[in-house]
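Here's a quick briefing for anyone opening this one up for the first time. Have a look below, then read on.

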Amino acid sequence: MYRPQFPYALPSAPCVDQTCQYSFDVTNLPALGGTLAAGSRTGRIPLKMDKDAGFYLRALFTQGSIALRLEDPNRNALSDSENAVESSNYEIPSEYSQTRGAGSVVLESGAGGLYAPAGGTFVVYLYNPTSGTLSLSTVVINLIGEKRYTNQGCAG
Amino acid sequence: MKPPYQQRFQVYVIGANQDPRLASVAAGATLEEIKLTTDSDAPFVMTGRAVRTSYTSSLNQANLAGLKSRWAGPKKDYRSESLRESLQMVYYGQFGNPKPIAPGVTYPASSTLLVDCQNFGASAITNLTYYFFGYKLYPWGSVVGYTYPKRFASQTFAYPVPVTGLGVSEYRPGQIFTVKNDADFVIRAGQGPTFFSTDGRTFAEVGIILRDFDKKPYMNDFVQFDVLFGNGAAPATIPVGPTPSFVQPFGTGPSSPGLFYPEIYVPRNHQLRFDLQRSDGSGGSNQAEDFTFNLIGSKVFEK
């Protein structure tokens, strides 16, 4: 039950890091208000970051059985096998982002995590791998990391 | 600091293929000197341990509650008396969480892994299998060992690996995993498929042998996905205690994935091979199944 992680350097003054968790569900993401038929996919769904500080994504966890594929603000996919069978390029939550009551799923990257500038946008695509229609209102996507505050624009 | 030897991930398996007595360990039976000779190409440092039996139709491993065992170092030096495995290891070391052995125990090349076991439960233990996790030690340069470039950037990444229509008793060798051409990929962890048993249809006994591009294996026999990787939706219940209560695994899954140590570095456009074996048999409504497993790590971009 031990997960080694790489340490990240603290920012130098005057920057300050503050733990931050973005949680996206039907209450703040209108795209999750509908349903998704078996085998269907959504288009790109933007996950908007706050405008007050840059954000380093370091972990995530999700709820629901919808498969997903995330992209960082530079449109780099965080998972993809580029298989000819398009549906196999999505991550099944139980193998990627679902936890069984403990912790979150670490996303290890260099340079402090996956950086989104203030007001930046991660993108998620959803796919229903089950044999029945799923309500997207069951989906919760939590992005966990650090906001980097400064009065002199040091993030990045 | 560069370690004195080149390390390579390795799992040694001792199951019914290595000692036929493990196919069925009768109630009350004691098996002594269950042996496996380690490979002759390198010493092995054991750093973790797990044990498993075939699932029952209700997806539990109840009979493991009656298992006592003890294991020995390379000089037949037993490290304990026979102990109940249920009281030693979280989930018997399964779900990607092998019981740590620290400090690691070094076995010279061609030495013997030795286990004794006793089933003091009321029922036979079917296909009892011991797993020894660790790494081999090679002189530097004697085996291929790709690693990071001098200057690089890394980004978290995961490859979902699709498997289509794996038959109820199918052996599928020589499957290929190819890293994309934009970056190297370092494998640090994995997650396996969700096993299930519903409506007479069971998908629960699937193992993998992972190999490098040269087909040199990282394990001597099939390692079940729920031992090597685990899963975030593990359906199994695990017996705890001498009169077992059955609990679902807690805290397993992608937040504590099955780890590869040392990690496996695969340059871009390079390949790994893997063999799959499913042994659920044709009972009930069993059928060929599609699934994925997930290789988790980082892309490495040379600067």
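Let's start inside chain B: 29 residues of its domain 1 are in contact with 37 residues of its domain 2, where contact means that the C-beta atoms of two residues, placed from the backbone, lie within 7 Å. Keep in mind that this is a predicted model: local features need pLDDT of at least 70, side-chain atom pairs count only at pLDDT 80 or more, and totals for chains, interfaces and linings use all residues. Residues are numbered from 1 along each chain as its sequence is written, while chains are lettered from A and ligands numbered from 1 in the order in which they are written.

**Between the two domains of chain B**

- On the domain 1 side of chain B, strands S1 (6–14), S4 (44–52) and S10 (129–138) each supply at least two of the residues that touch domain 2; strands (E, at least two residues) are DSSP runs, numbered from the N terminus.
- S1(B) gives the largest share of that side, with 7 residues.
- Sorted by class, that side has 14 nonpolar, 13 polar and 2 charged residues. Ala, Val, Leu, Ile, Met, Phe, Trp, Tyr, Cys and Pro count as nonpolar, Asp, Glu, Lys and Arg as charged, and the others, Gly among them, as polar.

**How chain B is divided**

- Domain 1 of chain B covers 6–138 and domain 2 covers 152–302, with bounds from an automatic or database domain assignment.
- Taken over C-alpha atoms, the centres of these two domains of chain B are 20 Å apart.

**Where chain B meets chain A**

- This contact takes 30 residues from chain B and 32 from chain A.
- S11(B) provides the largest share of the chain B side, 10 residues.
- That chain B side has 13 nonpolar, 16 polar and 1 charged residues.

Technical notes: Helices (H or I, at least four residues) and strands (E, at least two) are DSSP runs, numbered from the N terminus.
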